[in-house]
Amino acid sequence: MTSPIRKISPLRSIKNVIQQRLSLRLGLTMILITTVIFTLLFGYLFNKSKQFVRELAIEQANQLLDNTIIRINGIMEETRAVTNYMSLYVPQHLQPDSLLSITRRTVTDHPFLAGFAISMEPYYFPEMGRYFSAYSLRQDDSITTVREGPFEYFEKIWYKTPRTQGAPCWVDAYDDYNEGTLSSKHILTSYCCPLRDVNGHFVGSITASLTLNWLSEVITSIKPYPNSSAIMIGRTGTYLVHPDTAKLYKESIFSDAAPEAQEDINRLGKAMIEGQSGMMQTIVDGNESYIFYRPLERTGWSIAIVCPESDVFSSYNRLLTIVWTIITIGLLLLLLFCYQTIRKAISPLKQLAGQASRIADGHFDEKLPQSNRHDSVGRLTNSVILMQHSLAESAADIRKINEELELRNQELSKTYQLKMEADEQKTFFIRNMSHQIRTPLNIISGFAQVLSSNFHRMPKEEMNDITSRMKASAESISHIARMFTAQTTENSQFLEQPTTFGCNDLCREAIASMTQRHPEQVTVNIDTKVPDSFVINSNHKALLTILKELLDNASKFTLQGTITVGCGQYDEHTICFIVNDTGPGIPASERQRIFTEFAKLDSFTEGVGLGLSISRQIAHQLGGELKLDKSDHDGTRFIVTIPIE
């Protein structure tokens, strides 16, 4: 009998399709598309708005800058006209009293002038001497007129520049102060004009001065925006006007840029010095800013307005914030609605995603619950469980193999490092030994040849000198041999029975031995804090070996000055022997390794690098210590401390 076919309602069919194929992702896709459309549409509109605001800001700043320059140029043009007129008028009145009167009248008639000077060439008025400069200076509400001098104003910028160029010019800002003369308390800038007599010969300079404070007030009054600022630079880029007065005349536009904007500021400074006009966008004090600049005609100076981008677009940014806030709230509400709709559908996937994340973090041994669902999510869950079991087995095998490989790699690396260090020490040791032994052997061999060929004709003094040198070379070889013997036998050759001996006698014996081996070296002094009768009970040979080694080292590096050997008792149980030299000292970076075997600070000096190491070992066997005094900065000082008994 055939079973009846069950009819499935359309609603249930749609529900099954959604559960099996996760069609709810379509809703998320639509939300994404909506967001993209809104973003593109409003982005286009606001981009156009931003361009309009930017063009309006540029027009406003340029207009304000042009008006300011017109105002400044008006005063400077009037200053130039007055000075040029005086260059034609003064030659008709070249008398000392007339020049004083002219300067005072000029400052009186032109309130914008800070000062006016007519300075003559040396001895132009013989009765006045070498110097004559008529100068009128405005000081607060009064005008002072004096004949300046005597001081060498001929080298001042306001006199030297027009004389050198032979033409009127503006000069950069300068400090008017000259000790003993009438001086302005403000920084000045001047228009200078050469003064010529009726024959056209240069006889002096006419200087009309403006205070830089006036220019600064005019320029700093430019405020198109709350946080905008203005600057003015001179011909070399030096700040003549700046919001930070500490930078005036000391820093330039080229030295004041942030590292990330250095290239832009250098290009801006060059354009301003060349008298160009324009606009640049760059970083100033860590903020994106627009810089508008214009030149001051005939001066070589340039003015710039710095407008932070945040100020320029402040209104635009507020509007943008409001609009995007509304859009964001709308999208969040839409997302919340979609989230509530699809939350139930994707909850199994969220659980599976969490389990997969744990597996990805290396937790392969965690057991996952089997799924009873027969849709794609259930099949995916059960497949992940099978994959997890396989990964757990493989991860265990790989972890074991990696641990074994890591141990072997560490052993190989350690073995290789030890081998490289041994090879390096062997190479250095052989090279150093070859050099240290070959040198005295060459001396002995050379002198032996000399003796064999000239023995009967050689003076006694020369014979004694040669034999002493051969003896010293042989002693050097013997010293090296003793060092190696001591190193290989743990210094047993120095371990004699303790004896009683005087500390000062021991110092003198060490000095005598050193002087005999190196008679040409610097003076060796003894500085003792104990009497000659003071004796100790210790190993005489071992202590003498230490002192001789320290003296030999001091003689190698002390080319001038003195070497001092001393001893002193700092408590009732110990005695200290000190060897101090006035050589170059030991660098701080090398002090940690000077007691290391085969360590040498200079590979060209004599020795094999064992003396200090063996000396310290001997001091330890005597119950004492050998150390470097790191507080001494005038040479090198070693201190040997041993028990008195």
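**Reading a predicted structure, step by step**

Me: Let me start with one residue. What is the relative accessible area of Asp 505, and is Asp 505 buried or partly exposed?

Reply: Asp 505 has a relative accessible area of 45% and is partly exposed. The reasoning is short: buried means under 20% and exposed means over 50%, so a value in between counts as partly exposed. Please keep in mind that this is a predicted model.

Me: Good, I can use that. Which residue forms a salt bridge with Asp 505, and how far apart are the closest N and O atoms?

Reply: For a salt bridge, look for a side-chain nitrogen of Lys or Arg within 4 Å of a carboxyl oxygen of Asp or Glu. Here the partner of Asp 505 is Arg 508, with the closest N and O atoms 3.2 Å apart. Both residues belong to helix H11 (residues 503-517), where they sit 3 residues apart, about one turn of the helix. Arg 508 is also partly exposed, at 36% relative accessible area.

Me: Which other side chain meets Arg 508 in a salt bridge?

Reply: That is Asp 532, at 3.0 Å from N to O. This pair joins distant parts of the chain, 24 residues apart: Arg 508 is in helix H11, while Asp 532 is in the loop between strand E13 (523-528) and strand E14 (535-538). With 47% relative accessibility, Asp 532 is partly exposed. Put together, Asp 505, Arg 508 and Asp 532 form a network of salt bridges.

Me: How many salt bridges does the structure hold?

Reply: There are 11. Another one to find is between the side chains of Arg 80 and Glu 77, at 2.4 Å from N to O. Both of these residues are in helix H2, 3 residues apart, about one turn of the helix. Glu 77 is partly exposed, with 27% relative accessible area.

Me: Now the inside. How many residues are in the largest nonpolar core, and which have the most contacts inside it?

Reply: The general idea is that nonpolar side chains in soluble globular proteins tend to be buried together. In this structure the largest nonpolar core has 49 residues, and Val 90, Leu 99, Met 120 and Met 232 have the most contacts inside it. Helix H2 (residues 25-89) gives the largest share of this core, 9 residues. A second, separate core has 40 residues, including Leu 544, Cys 567, Ile 575 and Phe 638.

Me: Which residues are in contact with Val 90, leaving aside its neighbours within four places in sequence?

Reply: They are Leu 99, Ile 102, Ile 118, Leu 195 and Ile 206. Try selecting Val 90 in the structure and finding these partners around it.

Me: And outside? Which residues form a nonpolar patch on the surface?

Reply: Leu 32, Val 36 and Leu 40 do, with about 300 Å² of accessible area together. Leu 40 is in helix H2, and its relative accessible area of 59% makes this leucine exposed, because the cut-off for exposed is over 50%.

Me: What about rings? How many aromatic pairs are found in the whole structure?

Reply: A search finds 13. To read one, check the distance between ring centres and the angle between the planes, where over 60 degrees counts as edge-to-face. Phe 154 and Tyr 159 are such an edge-to-face pair, 5.7 Å centre to centre with 80 degrees between the planes. Phe 154 is buried at 3% relative accessible area, and Tyr 159 is buried at 0%. Ring pairs also link Tyr 131, Tyr 153, Phe 154, Trp 158, Tyr 159 and Phe 202 into a cluster.

Me: Where is Ser 252 found? Is Ser 252 buried or exposed?

Reply: Ser 252 is in the loop between strand E8 (239-241) and helix H6 (262-273). At 15% relative accessibility, Ser 252 counts as buried. Leaving aside neighbours within four places in sequence, Ser 252 is in contact with Gly 237, Thr 238 and Tyr 239.

Me: Let me zoom out. How many helices and strands does the chain have?

Reply: The chain has 13 helices and 18 strands. Of its 645 residues, 38% count as buried. The chain exposes about 37,500 Å², with 56% supplied by carbon and sulfur atoms. Finally, take the contacts between residues at least 6 apart in sequence: 59% of them join residues at least 24 apart.

How values were computed:
Residues are numbered from 1 along each chain as its sequence is written. This is a predicted model: local features need pLDDT of at least 70, side-chain atom pairs count only at pLDDT 80 or more; totals for chains, interfaces and linings use all residues. Side-chain values use heavy atoms; hydrogens and water are left out. A nonpolar core is a set of buried Ala, Val, Leu, Ile, Met, Phe, Trp, Tyr and Cys residues joined through side-chain atoms within 4.5 Å. Buried means under 20% relative accessible area, exposed over 50%, partly exposed in between (1.4 Å probe, protein chains only). Helices (H or I, at least four residues) and strands (E, at least two) are DSSP runs, numbered from the N terminus. Contact means heavy atoms within 4.5 Å. Patches are made of residues with over 30% relative accessible area and no salt bridge: like charges are joined within 9 Å, nonpolar side chains (Val, Leu, Ile, Met, Phe, Trp, Tyr) within 5 Å. Accessible areas come from the Shrake-Rupley method with a 1.4 Å probe; for residues, only the protein chains shown count as cover. Rings of Phe, Tyr and Trp (its six-membered ring) pair if their centres lie within 6.5 Å; planes under 30 degrees apart count as stacked, over 60 as edge-to-face and the rest as tilted.
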